Amino acid sequence: MRDHLARIVHGGAMSTLLALSMLLAACQDQGASASSAAETPAVPAAVPVDPPVSGYAASLKAPLAAYDLSSKQAASLWTAMRLLRISCMQKKGYTEYVGQDMEPVDEAEASSNDAFKQPAGPWGYLGAETAAQRGFLNSVIDNKKLTKVDLPETTLTASRACYDDASAKLTRPTAGADLVRQLTQAASINTERDSRVVAARETWRGCMAKEGFQTAHPQELVEKQWRARPDDPPAGDEIQAARTDEKCTRSSGLARIYFPVEWAYQRALIDQNLQVLTEYQKQVQARLAEAARIAATGASS
């Protein structure tokens, strides 16, 4: 499901979290708007706040989330595209086509079972209880693939054409989606370099070292292959590392500093790109409204 939703989301809330959890050493060429993040004015001192329960929860609260799609919204667009594709095929005379080469998506399921709800990231580990039970893999990513369907090549060719038509009507404008992704990455890069985050992470590193973990960055723990298979239960060393990470995240204040700093950078970037983002937001809302209309009245109405 995730692969198919990505075609609609062009990242969506999932891309927001991916950008949050990515350790970026240097800024690639992201274009003028994103690269200007390096000149973002100094953000206010981070206000200690209760950190979110997961990186995914943080991504939903982030200022740039207002210009992104939730999993439920992405599923709504995908469902509407499926209806448009079926209607298109029926009009072409493929009366037995019912979307065999498109996966149906349950909007409620997409909203409640997002694949990226883990609490660990460059901000450290969030949640002592989860650390004690789940280790670093807080959810099993749904990588199920489409069931292979045997459709004639002529049918598949027509289906792809109908998909392109539906996509043109409902997929988010690429330029706007790319800008949101670039700004999210730029804010993440600046947060990594921010002196307050660097200092908190150094305190975190010292705490981890005292507990026997020579780790320079919490993302290293997240990316480590702790298990032979993702669905294996976490072993003792993984649980111990996660619990220590949580303890050091709390004592260093890393997450309490990381998120206010990152969100301040995002707000500054939004201010710099407000006109473009506002217009893009209007376009996305119009496509979501059209998707809701299609779902309620049918693709042909």
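**Close-up views of a predicted helical model**

**Figure 1. The end of helix 12 and its extent in the predicted model.** Gly-253, which comes just after helix 12, adopts a positive phi of about 75°. Helix 12 covers residues 236–252. Its 17 residues should span 24 Å at 1.5 Å a residue, and the end C-alpha atoms of helix 12 are 24 Å apart, so the expected and modelled spans agree.

**Figure 2. The buried residues of helix 12 and the elements that cover them.** The buried set in helix 12 consists of Glu-238, Ile-239, Ala-241, Ala-242, Thr-244, Asp-245, Glu-246, Cys-248, Thr-249 and Ser-252. The cover over these residues includes strand 2 (124–125), helix 7 (128–134), helix 10, helix 11 (218–223) and helix 13. An α-helix has 3.6 residues a turn, so residues three or four places apart point the same way.

**Figure 3. Surroundings of Lys-247 in helix 12.** Lys-247 has a relative accessible area of 38% and is therefore partly exposed, as this value lies between the limits of 20% for buried and 50% for exposed. The side chain of Lys-247 is joined to that of Glu-211 by a polar contact of 2.8 Å. Gly-127 and Lys-247 are separated by 120 residues in sequence, yet their C-alpha atoms are 9.3 Å apart in space.

**Figure 4. The largest nonpolar core and the contacts of Phe-136.** This core has 59 residues, among which Phe-136, Leu-170, Phe-259 and Leu-277 touch the most other members. Two or more residues each come from helix 5 (71–91), helix 8 (153–170), helix 9, helix 10 (195–210), helix 12, helix 13 (254–272) and helix 14 (274–297). With residues up to four places away in sequence left out, Phe-136 touches Gln-118, Ala-120, Tyr-125, Leu-221, Val-222, Trp-226, Arg-227, Glu-238, Ala-241, Ala-242 and Asp-245. Glu-238, Ala-241, Ala-242 and Asp-245 are among the buried residues of helix 12.

**Figure 5. The crossing of helix 9 and helix 10.** The two axes come within 5 Å and cross at roughly 60°. Helix 9 and helix 10 are therefore oblique to each other. At their meeting point, Thr-191, Glu-192 and Arg-193 of helix 9 touch Ser-195, Val-197, Val-198 and Arg-201 of helix 10. Helix 9 has 20 residues and reaches 29 Å from its first C-alpha to its last, close to the 28 Å expected at 1.5 Å a residue. Helix 9 is mostly covered, with 15 of its 20 residues buried.

**Figure 6. Glu-192 and its polar partner Arg-201.** Glu-192 belongs to helix 9, which runs over residues 174–193. The relative accessibility of Glu-192 is 9%; because buried means under 20%, Glu-192 counts as buried. A polar contact of 2.9 Å links the side chains of Glu-192 and Arg-201. Both residues also take part in the meeting of helix 9 with helix 10.

**Figure 7. Helix 5 and the glycine after it.** Helix 5 contains 21 residues and reaches 30 Å from its first C-alpha to its last, close to the 30 Å expected at 1.5 Å a residue. Of these 21 residues, 15 are buried, so helix 5 is largely enclosed by the rest of the structure. Just after helix 5, Gly-93 takes a positive phi of about 100°.

**Figure 8. The protein chain as a whole.** The secondary structure comprises 14 helices and two strands. Of the 301 residues in the chain, 49% count as buried. Among contacts between residues at least 6 apart in sequence, 86% join residues at least 24 apart.

Note on methods. Residues are numbered from 1 along each chain as its sequence is written. This is a predicted model: local features need pLDDT of at least 70, side-chain atom pairs count only at pLDDT 80 or more; totals for chains, interfaces and linings use all residues. Side-chain values use heavy atoms; hydrogens and water are left out. Helices (H or I, at least four residues) and strands (E, at least two) are DSSP runs, numbered from the N terminus. Buried means under 20% relative accessible area, exposed over 50%, partly exposed in between (1.4 Å probe, protein chains only). A polar contact is a pair of N or O atoms within 3.5 Å; within protein, one must be able to donate a hydrogen and the other to accept it, and residues adjacent in sequence count only if both atoms are side-chain atoms. A nonpolar core is a set of buried Ala, Val, Leu, Ile, Met, Phe, Trp, Tyr and Cys residues joined through side-chain atoms within 4.5 Å. Contact means heavy atoms within 4.5 Å. The expected span of a helix is 1.5 Å times one less than its number of residues. Axes are lines fitted to C-alpha atoms, for helices over the stretch in contact, and angles run from 0 to 180 degrees between N-to-C directions. Angles under 35 degrees count as roughly parallel, over 145 as roughly antiparallel, 65 to 115 as roughly perpendicular and the rest as oblique.
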